[in-house]
Amino acid sequence: MTARRSRGDGGLHWDEQRQRWIASVTVGYSPDGKRTVRKASGKTKTEAKAKLKEILRDHDDGLASGPVNFTVAEAVTSWLTYGLQGRDTETVANYRTLSDKHIIPALGARKLRDLSAEDVDRWLMGKARTHSTRTVRLLHSCLNRAVKFAQARDKVKRNVVALCDVPEGKQGRPSKSLTLDQAAAILAAAERSRLYAYVVLSLLIGARTEELRALVWAEVDLDGDPDNGIPPWIAVWRSVREGGDTKTKKSRRSLALPKRCVEALRAHRVQQAKDRQHAGTTWIENGLVFASKVGTPLDSHNVRRMFRKIVKDAGLEAKDWTPREMRHSFVSLLSDSGVPLEDIARLVGHSGTAVTEAVYRKQIRPVLLGGAEVMDRIFS
């Protein structure tokens, strides 16, 4: 007669369908009174009982072993779906693209509990051979946060990704600036584009592309106050970042407008009025300076696509230039013209709080004049 198993040893039975031995034991009860059962399977009784003992040891140590078949792909998908609440939509889209293109194809089928530090090291080293260090860091961050998210939900007992260092990747493409001749060619080519005023402001006042996309007419004064020595100006108070704030608090600034900027914005406002009239009831009013033909915000892809056409029309290689490099060009052109670096830093919003405080008090002054005066001289 087969001896009865001792109390607390759990059950052991043969699963005909799976053709495996199943060992199980009750480890407690849920808040609604249902039993919490841990199970393990094996080809032999000994293997099944050994696996169950390992699960019970982890349970006694307070470590969640997680579901056996939960995969890396499921962990990443769960993090993308539930772990990025409140993040900027473009950030989420970027993380999703990185995950779909690099993480899930390479590691997605791996069971999360079986993922090892060696697996992650090999994967990162492979990516480092073909991608920049920044991209490799982002990939490591995405996987690390996905596994950490799963760990917090008892899907795995430890995060092996956190144990792995990020290898050096390929040399990234360094940012560069336009020469004066190239900048002039870009401005000339842009005159035929709807993006002309955008390009003029990027090059002549050094505003970030995310700041210009959020610029509203209420923050633009094309007349100024000549009697009190106040020139035309714009207030760079916001951006398209999450929450609408600028990159840093020090980035909030008021900038005087060179004459070419004023002329470009006046023409742009006339064109926008025509767009509004043509769109009729389909126009969506957002008060934006730079908007689509129906008033909706521009996204980074819209700007990049139009800018590349301008670059091509200017006789330059379109793939070699991005909109953000107009800001680099602004800094370079001012520096070449003898403007002190301290003044340049203030103009691009890197340091100084006087303008920030003035803007929050909704006072026009102080307005930074240096950039406008030099740009009027350069492009006169």
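Here are some numbered notes on the predicted model shown above.

1. Let's begin with confidence. This is a predicted model, and its mean pLDDT is 79, with 77% of the residues reaching 70 or more. Please keep an eye on residues 350-368, where the pLDDT is below 50. Beyond near neighbours in sequence, that stretch still has 41 contacts in the model.

2. Now the overall make-up. The secondary structure comes to 14 helices and six strands. Of the 380 residues in the protein, 43% are buried. Among contacts with a separation of 6 or more, 61% are between residues 24 or more positions apart.

3. Which residues touch the most other members of the largest nonpolar core? They are Ile186, Val199, Leu201, Leu203, Leu265 and Phe290, in a core of 45 residues. At least two residues each come from helix H6 (180-190), helix H7 (196-205), strand S5 (233-236), helix H9 (259-279), helix H10 (300-313) and helix H11 (325-336). The biggest contributor is H7, which gives nine residues to this core.

4. Phe290 is a good place to centre your viewer. Not counting residues up to four places away in sequence, Phe290 touches Ala197, Tyr198, Leu201, Leu212, Arg213, Leu215, Leu265, His268 and Leu298. There is also a second, separate core, made of 32 residues, and Trp79, Val92, Ala146 and Phe149 are included in it.

5. Leu215 is one of the residues that Phe290 touches, and it deserves its own look. Leu215 sits in the loop between helix H8 (209-213) and strand S4 (220-221). Is this loop residue buried or exposed? Leu215 has a relative accessible area of 4%, so it counts as buried, the cut-off being under 20%. Setting aside neighbours within four places in sequence, Leu215 contacts Leu201, Val220, Ile234, Ala235, Gly287, Leu288, Val289 and Phe290. Its C-alpha atom is 8.2 Å from that of Trp237, a residue 22 positions away along the chain.

6. You may also want to check Asp275, which lies in helix H9. With a relative accessible area of 12%, Asp275 is buried. Which residues does Asp275 contact, leaving aside neighbours within four places in sequence? They are Arg194, Trp283 and Lys293.

7. Next comes the packing of H2 on H5. Helix H2 (residues 72-82) and helix H5 (residues 133-151) pack at an angle of about 90 degrees, and their axes are 8 Å apart. That angle makes H2 roughly perpendicular to H5. On the H2 side the contact has Val72, Ala75, Val76, Ser78, Trp79 and Tyr82, and these meet Cys142, Leu143, Arg145, Ala146, Phe149 and Ala150 of H5. By class, the residues of this contact are 10 nonpolar, one polar and one charged. Trp79, Ala146 and Phe149 take part in this contact, and these three residues are also included in the second core.

8. H5 has another packing partner in helix H3 (residues 89-107). The angle between H3 and H5 is about 80 degrees, with the axes 10 Å apart. H3 and H5 are therefore roughly perpendicular to each other, as angles of 65 to 115 degrees count that way. H3 brings Asn94, Tyr95, Leu98, His102, Ile103 and Leu107 to the contact, while H5 brings Thr135, Leu138, Leu139, Cys142, Leu143 and Arg145. Here the classes come to eight nonpolar, three polar and one charged. Cys142, Leu143 and Arg145 of H5 appear in the contact with H2 and also in the contact with H3.

Key. Residues are numbered from 1 along each chain as its sequence is written. This is a predicted model: local features need pLDDT of at least 70, side-chain atom pairs count only at pLDDT 80 or more; totals for chains, interfaces and linings use all residues. Side-chain values use heavy atoms; hydrogens and water are left out. A nonpolar core is a set of buried Ala, Val, Leu, Ile, Met, Phe, Trp, Tyr and Cys residues joined through side-chain atoms within 4.5 Å. Buried means under 20% relative accessible area, exposed over 50%, partly exposed in between (1.4 Å probe, protein chains only). Helices (H or I, at least four residues) and strands (E, at least two) are DSSP runs, numbered from the N terminus. Contact means heavy atoms within 4.5 Å. pLDDT is the predictor's confidence in each residue, from 0 to 100. Axes are lines fitted to C-alpha atoms, for helices over the stretch in contact, and angles run from 0 to 180 degrees between N-to-C directions. Angles under 35 degrees count as roughly parallel, over 145 as roughly antiparallel, 65 to 115 as roughly perpendicular and the rest as oblique. Ala, Val, Leu, Ile, Met, Phe, Trp, Tyr, Cys and Pro count as nonpolar, Asp, Glu, Lys and Arg as charged, and the others, Gly among them, as polar.
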